[in-house]
Amino acid sequence: MRMKHIILVLLVSTLASFGNVEEYQAIAEQDRQEFRQAFQVELKKQLKQASKKVKGLYKSINYEPIWVDKDYLTYHCEMLVTELKSDFKQGLYPELRVAYRKLMPDENRAFTSDAIEDKVKVEIGVMGLYAKSINTILKDKNSKFDAKSLLQKAVKEKSVMAAIDGIAHERIVDKTFKDMNLSVAEAKQEKYRDLATRLMGTDEKDRLKAMYELLSYKPIWVTKEGITDYTKTLYNEIAADITLDVNSSLYKAYQNLKTATHPSKKDAIGDREFEIAKLYQDFMAHALYGDINWKKFLKTLHKTRRNGVWTVHPILKTPESLLIESLKADDLNVAFKKAKPVFPLYDRYLIALKKYRTLLDDGGWELLPKFDNLKPGMSDPVVPALRDRLSKEGDYVCDVNETGTRYEGCLVEAVKKFQGRHGLETEGYVGKMTRKALSETAAQKVTKLKLNIDRIKWIKRGNDKHHIYINVPSFTMYMFDGFDVIQSMRVITGRKGHETPIFYGRVRTIVLNPYWRIPASIIRHETIPKLQKDPGYTTKKKIEIHTGYSEHSPRVNPYKVNWHKYGKRLPPYKFMQSPGVHNALGKVKYLFPNKYAVYMHDTNEKYLFVKDYRALSHGCVRLHKPFELLETFSKIEPKLDYEKSQKILASNKKTPYRLTKTIPVDIIYLTAVVGKDGTVMFHDDVYGYDKMQLDASKK
């Protein structure tokens with residue numbers, strides 16, 4: 001029996017290696033269309049009682065359900081709710097709170113029924129909330145968008161975040177306007193809204209001018225007596241910023257201003273005020289946005305990677321809006337505090353960068369001469385230089401004074417430590433890959449750390465207590481509770497050509513005992529030829545044939561179908577692998593709705609996790625320890641009973657759990673990761689994004 005089970009698993013694993021990203025996305029789309037057809041009938045029925053505005057919105061998107069799907073809340077809805085909550089926390093749009101709470105009394109209680117009538121009721125309710133929120137945000141603004149055009153944009157791009165990001169400046173304007181402390185009479189004046197809008201413009205000089213107009217030309221940085229506390233704080237921040245290149249024009253401008261004689265004439269004082277304001281503007285832009293030219297990078301990515309995706313969300317702050325917040329608090333430190341990324345490991349990166357900058361300033365390390373492969377016990381003239389090279393980065397630390405040319409002892413352990421920090425097998429054998437890692441200079445590592453720090457600045461900011469990060473280059477998933485890692489595990493991500501997308505989502509549903517929907521290429525090339533020879537093939541391989549993608553749709557008896565008439569054409573049936581240990585998705589999957597049809601799941605190919613290089617999937621994320629993650633979720637989610645879930649898993653019955661509170665998940669791309677003890681792990685640039693972004697960096 002065990003041998004049969006092994007053969008079955010290997011066979012299914014082989015099948016699972018076929019297919020591609022587009023096929024799995026097509027399956028998800030077909031499944032959605034089946035749900036859509038039934039949903040639209042009820043939607044049109046209930047819309048008779050809806051407002052004229054809501055009816056118009058649905059008509060503009062051909063009555064497409066956008067907020068609710070068969071698993072309930074869609075990615076669109078999750079993102080809308082997340083952004084609304086973010087605005088509420090900043091004190092914005094209080095008039096929307098009533099509509100929000102009415103629809104979501106405890107954020108989820110309204111979403112428990114599986115009846116299509118109730119789902120449609122929620123769909124229409126969220127559309128009303130969407131319309132009201134967009135109209136509120138765009139009120140009194142000359143935006144090129146409205147609720148209708150943004151909705152059409154969301155449907156076209158399959159992302160409501162793309163639509164919300166399209167009005168990011170309008171939301172920043174509202175936050176800035178709120179921080180201006182205007183009287184009720186002033187707040188109604190178009191002049192002030194116009195100035196707040198100009199603060200978001202592309203012309204830096206006009207932004208400065210608008211800011212000073214808002215402040216009635218009150219000086220910020222200098223007075224007759226000298227520089228102000230704001231300027232002193234700015235200078236201190238620039239001097240302490242380890243990410244700033246001392247050879248940059250920004251740093252040189254700072255040095256010139258800091259050492260310049262204070263002017264005495266009124267016009268010269270005014271000029272100095274604007275010079276320091278420009279310095280603040282440039283430095284805060286560096287602190288907020290970093291040096292990656294995202295527009296150029298994304299254009300290159302689109303041209304060169306068919307499945308390459310890196311979603312960038314606008315940072316809802318600007319140098320000018322942060323300065324206004326600081327003036328309100330009478331402390332420039334407020335601006336720098338709010339500009340800082342909320343990524344839990346950010347401070348570790350700054351410490352690591354300081355370490356490598358110091359190494360670089362001290363001369364770095366000499367490049368090793370060419371040498372052949374090294375095995376423990378061998379002698380080679382390169383050994384003394386290898387000791388020195390590894391001691392520079394702190395890998396070679398030995399209580400015994402080792403000398404000579406024999407590769408042994410502490411040096412072997414140092415090589416293993418170095419290999420572990422560079423994503424290599426820690427075997428002590430120095431081969432091609434280890435030599436390549438050793439050849440990287442201190443300057444290159446400084447550049448890599450700075451690049452990753454700039455990436456962190458663009459990870460979507462939030463205030464959730466729990467957060468999942470999946471880092472593609474390190475093939476690792478991390479679960480955070482605040483700033484502490486409470487769980488980590490190995491993962492398998494998409495291989496080249498099937499790159500796992502870099503994006504943000506929220507885990508809404510956990511499915512125990514999932515079905516695996518078999519893609520067209522496997523059906524055409526494997527399943528149909530087998531069925532032509534043996535109609536019992538699918539039964540033996542635990543594959544169900546249905547008339548639809550739902551496991552509840554009518555089953556098809558393989559013995560009653562003439563499979564020969566299809567040749568290698570696709571029959572009008574859906575093929576699904578039933579739940580169990582044989583299933584390609586394993587026993588559990590974690591859904592965070594997105595347009596890429598990507599999710600986290602178990603796998604029946606456990607042996608792949610021993611590999612160090614694990615870019616092996618078609619885009620989805622396979623988890624090494626999915627049941628440990630399930631246990632962690634059970635401690636967070638009150639609806640999820642871990643002991644009960646074990647019994648369900650043993651029963652092989654598909655069971656979805658909709659979480660009471662969604663958990664954010666970010667798929668990120670960091671080629672350097674800093675541990676709690678300060679150890680820096682450098683990882684292979686698996687998709688070539690390092691080079692692409694460095695080529696696109698701002699000069």
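Is phenylalanine 297 buried or exposed? In this predicted model, phenylalanine 297 comes out at 0% relative accessibility, so with a cut-off of under 20% for burial it counts as buried.

That residue is a handy way into the aromatic side of the structure, which holds 29 aromatic pairs. One of them joins phenylalanine 297 to tryptophan 294, with the ring centres 5.9 Å apart and 80° between the planes, an edge-to-face arrangement. Both partners belong to helix H16, which runs over residues 294–304. Because they sit three residues apart in that helix, about one helical turn separates them. Tryptophan 294 is buried too, with a relative accessible area of 8%.

Another edge-to-face pair turns up further along the chain, between tyrosine 687 and tyrosine 689. Here the centre-to-centre distance is 5.5 Å and the planes meet at 70°. Both of these tyrosines are buried as well.

How do these residues fit into a wider picture, and which residues make up the aromatic cluster? Trp294, Phe297, Tyr687 and Tyr689 are among its members, and Tyr289, Trp310, Trp458 and Tyr669 join them in the one cluster.

Rings also meet charges in this model. The charged end of arginine 389 is placed over the ring of tryptophan 365, at 4.1 Å from the ring centre. With lysine 589, the ring underneath the charged end is that of tyrosine 599, and the distance to its centre is 5.1 Å.

Conventions. Residues numbered from 1 in each chain as written. Predicted model: local features only at pLDDT ≥ 70, side-chain atom pairs only at ≥ 80, totals over all residues. Heavy atoms only, no water. Phe/Tyr/Trp six-rings, centres within 6.5 Å; stacked < 30°, edge-to-face > 60°. Helix = DSSP H or I, 4+ residues; strand = E, 2+ residues; numbered from the N terminus. Buried < 20%, exposed > 50% of the residue type's maximum accessible area, 1.4 Å probe, protein only. Lys NZ or Arg CZ within 6 Å of the ring centre and 35° of its normal.
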